[in-house]
Amino acid sequence: MTAVVAPPTTDGLSVRGLSVRFGGLVAVDNLDLDAPEGRLTGLIGPNGAGKTTTFDACSGLNTPSEGSVHLFGNDVSRLGPPARAQRGLGRTFQRMELFNSLSVADNVALGREAAMAGSNVLRQIVASRHEQDEMMEAAAGAMELCGISDLADRRASALSTGQRRLVELARALAGRFRILLLDEPSSGLDHNETARFGDILERVMAERGVGLLLVEHDMSLVMRVCHHVYVLDFGKLIFEGSTDDIRDSEIVRAAYLGAEEV
Amino acid sequence: MLERLARALRGVSLAMSIVATIGILLAIQGVAVMRYGPRTLTMPAYLPTRSIRMVGVNVGLDQIITFLVALVAATGLYLFFRYSRMGVAMRGVVDDPDLLALNRVSPVRARRWAWFLGSSFAALSGVLIAPVLGLEAFVLTLLVVQAFGAAAIGRFSSLPLTYLGGLAVGVGASLSTKFVASVPSLRGLPSSFPFLVLFVTLLVLPRRLLVDSGAAVASPPPHTHSLPPRVARGGLVLGAGVALLVPWIVGARLPVYTNAVIYVLVFLSLRLLVRTSNQVSLAHAGFAAVGAAAFAHFTHAGLPWPLALLAAGLVGVPVGAVVAIPAIRMSGLYLAIATFGFGILLEQLIYPQSFMFGANGSLAVPRPHVSGVDLASDRGFYYVALTVAVLASVVVAWIHRSRLGRLLRGLADSPTALATHGADTKVTLVIVFCISAFLAALAGALFGALTGSIDGTPFGSFSSIYWLAILAVAGNGLIAPAFVAGIFIAVVPAYITNHTIIDLFPVMFGMSAIGNAIMSTRGSPFAGWLQGASIRSAGRADRSPVRDRMIIQEVAA
């Protein structure tokens, strides 16, 4: 096989030759993936295919054994999670990581404030008035976009799973991220909630023009919102293409959709 | 019984589970001290002490037997975990109890057996070591911390490596005895050697081995009740009034109250670290000791009193930063052990140095002098301490409302989310440990000024444990619990002359720390009532326990 590896793109997140091993287990195997700004990219695959591991490698939460991660043309492979976030990469979690003891408004505001604090000692301690205003504005905008403004004063731990997913999305949207990784945002949501989530994602794309990379199990959601889809199986990329291509692909059907379609 | 407790503690926040562990430790120790007295009991050597010559060294027969028992125990455990059904089940219970239950193995039974095995091995080693070390609750507890050093060498998973690690630690400690004979300033090295090993091993171990399995448990938030603002404000005014009047009421017992006010600093510092940020430090007594020593030196060097106080606090800061290093790498139990090890290291290696408490082990510490104002008397100094405590309270309250406060609360709930949104949590951790150490060092300095001279004894590493347990039972508010805890630790014992009750104190605090930790997750009406009650009493913090006692005394007189 003569693999011609394309150079990393400069318009968003670009992963080249990524491999992640845990002991003898190869969770991700030589993966190439692009998630440019302005595109809603899907990443699908059966359980254990390495999707969340890929996300963790992108945001710097694990250590890949090989490969590189680029953001807007810069190699960020050696940077920690905060530094990558500062360069425009945000994410949500499959197992939600909310600030449970804080209110929804504080959760969302912290999404912006964390980036302002960065790694500067003084800026971690005090917020200027200007920053405070900016933070509140960003939080209000993000909550509005996700339709959770009415929950602002509720404590995050007191919400339903569907509401919590939206809080997490709003928190990420409050940050100045240009690429967002969304890890199974519809898991734990019922049919209506998932449909609403799809509406919100489309609004986000239309209003913010960010790049979204979506790990998702709900195929109807993927088929509806995604422009371009990657399919992983056992850590390997087995297919990539538009949603129409996916529907026609025999390989994908065999590996993933198989049971339902046959 | 311990298994029940462990089950009740599942899902409790990390800091609270440490608090509960400490509670058990204090309670059992307290009972042991009450029953057998604080002195070391000696135990007759029950094994043959005849020695034989082996490869040119005299070896006691008892030592050989001990060695063999340990070897047999280690081999037995190794085989047990590897091949027996229960052993495998025990390993499974760590990873996923629910999955185990699905496979028709009761996780409760597995845990019960694990506790049973653990306790019997601990008891066995106690029996073996008692003739060598003597029986004393504190020494034997330290032994457990040392054993963690060996376990760390075994990467917490390999029994053969742990066995070797244990041997290495023991041999190393003995060898260092010879080494330090020529270097007097390292006198404390042999006894602190195991803690050095522990601290260093925990620092160099790969981080993934230090992931507390409890860390993944999402803890429900504490049920905090807040007082209506008017009540809170009323309580504050009342408390302030009482605090200002204390010197005119309590007479000769005033230093006790000054002590309580100084303890407020300690508890504020712990509050910020443990409750707000979900971190643990069992090295706080060390921070205070460093502050006390630095303050003594600065005042001797002629620095004006307030400047020296500030500088003493600042000296605590780098020490706090050092303790932040393990906090960056680990959490929960490992952090508690690492910081406790660090506290013991400070106590044994650093306290005896002449740059700490002087060549005689004790330094004089002056009180402030301002011409025309009486600050050096007991009454004057009470107000000095009160001013510092109030200033610190204001600062802590301000921190809570500031960006740092929000970051710290975020850190307690989800450090991962904080990091992936761009905040460098390492910096946040270092900041909070530095602030905490600063406050504790201030307290140390004031302790010195209160008593007039300072040495290492009040800052024993076990004080840190005691402080943490008391904070845990002092309620959920922000500032008030620090005052409550200060009164608990300093004032209440001064009014109780009965020694049995004093001895009971650690047991009581231990028990209530456990209770509080368990309650911290339960939404039961009882917990609500308990916390409500603690907050209600916190509202009249400075008043109730003290005043009630005073009234009783007056009546008695």
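User: What makes strands 2, 1, 4 and 5 of chain A an open sheet, and in which sense do they pair?

Analyst: The four strands follow the order 2-1-4-5 in an open sheet, with antiparallel pairing. Strands (E, at least two residues) and helices (H or I, at least four) are DSSP runs numbered from the N terminus. This is a predicted model, where local features need pLDDT of at least 70 and side-chain atom pairs count only at pLDDT 80 or more, while totals for chains, interfaces and linings use all residues. Residues are numbered from 1 along each chain as its sequence is written, chains are lettered from A and ligands numbered from 1 in the order in which they are written, and side-chain values use heavy atoms, without hydrogens and water.

User: Why are strand 2 and strand 5 of chain A said to stand at the edges?

Analyst: Strand 2 (25–36) and strand 5 (74–75) each have a single partner strand, so one side of each has no neighbour in the sheet.

User: What makes strand 4 and strand 5 of chain A count as a pair?

Analyst: Two strands pair if DSSP finds at least two bridges between them. Strands 4 and 5 of chain A are joined by two bridges, so the condition is met. One of the bridge partners is A:N74 in strand 5, opposite A:L71. The two strands form a hairpin with two residues between them, and A:F72 in the turn has a positive phi of about 50°.

User: How many bridges join strand 1 of chain A to strand 2, and how many to strand 4?

Analyst: Strand 1 (residues 12–22) has eight bridges to strand 2 and five to strand 4 (residues 66–71). A:L13 stands opposite A:A35 in strand 2, and its bridge partner in strand 4 is A:L71.

User: Why is A:T41 called buried?

Analyst: Buried means under 20% relative accessible area, exposed means over 50%, and partly exposed is in between (1.4 Å probe, protein chains only). A:T41 has 0% relative accessibility, so it counts as buried. This residue is in strand 3 of chain A. Strand 3 (residues 40–44) has five of its five residues buried.

User: Which residues of strand 3 of chain A point which way?

Analyst: In a regular strand, side chains alternate between the two faces of the sheet. Here A:L40, A:G42 and A:I44 point one way, and A:T41 and A:L43 the other. Strand 3 pairs in the parallel sense with strand 8 (residues 211–215) over four bridges and with strand 9 (residues 228–233) over four bridges. A:L40 has A:L212 as its bridge partner in strand 8, and A:T41 stands opposite A:H228 in strand 9.

User: What makes A:S101 and B:D413 a polar contact?

Analyst: A polar contact is a pair of N or O atoms within 3.5 Å; within protein, one must be able to donate a hydrogen and the other to accept it, and residues adjacent in sequence count only if both atoms are side-chain atoms. The side chains of A:S101 and B:D413 are joined at 2.6 Å, so the distance passes the cut-off. A:S101 lies in the loop between strand 6 (89–91) and helix 3 (104–117) of chain A. Its relative accessible area is 26%, so A:S101 is partly exposed.

User: How do you know where helix 19 of chain B is capped, and by which residue?

Analyst: A side-chain oxygen of B:D424 lies 3.1 Å from the backbone nitrogen of B:K426, capping the N-terminal end. After the helix comes B:G452, with a positive phi near 90°.

User: Why does the span of helix 19 of chain B agree with expectation?

Analyst: The expected span is 1.5 Å times one less than the number of residues. For the 27 residues of helix 19 (residues 425–451), this gives 39 Å, and the end C-alpha atoms are 39 Å apart, so the values agree. Of these residues, 24 are buried.

User: What makes the phi of A:E184 and of B:N278 notable?

Analyst: Most residues other than glycine have a negative phi. A:E184 is not a glycine, yet its phi is positive, about 45°. B:N278 likewise is a residue other than glycine, with a positive phi near 60°. A:E184 lies in the loop between strand 7 (179–183) and helix 7 (191–208) of chain A, and its relative accessible area of 5% makes it buried. B:N278 is in the loop between helix 11 (254–276) and helix 12 (284–300) of chain B.
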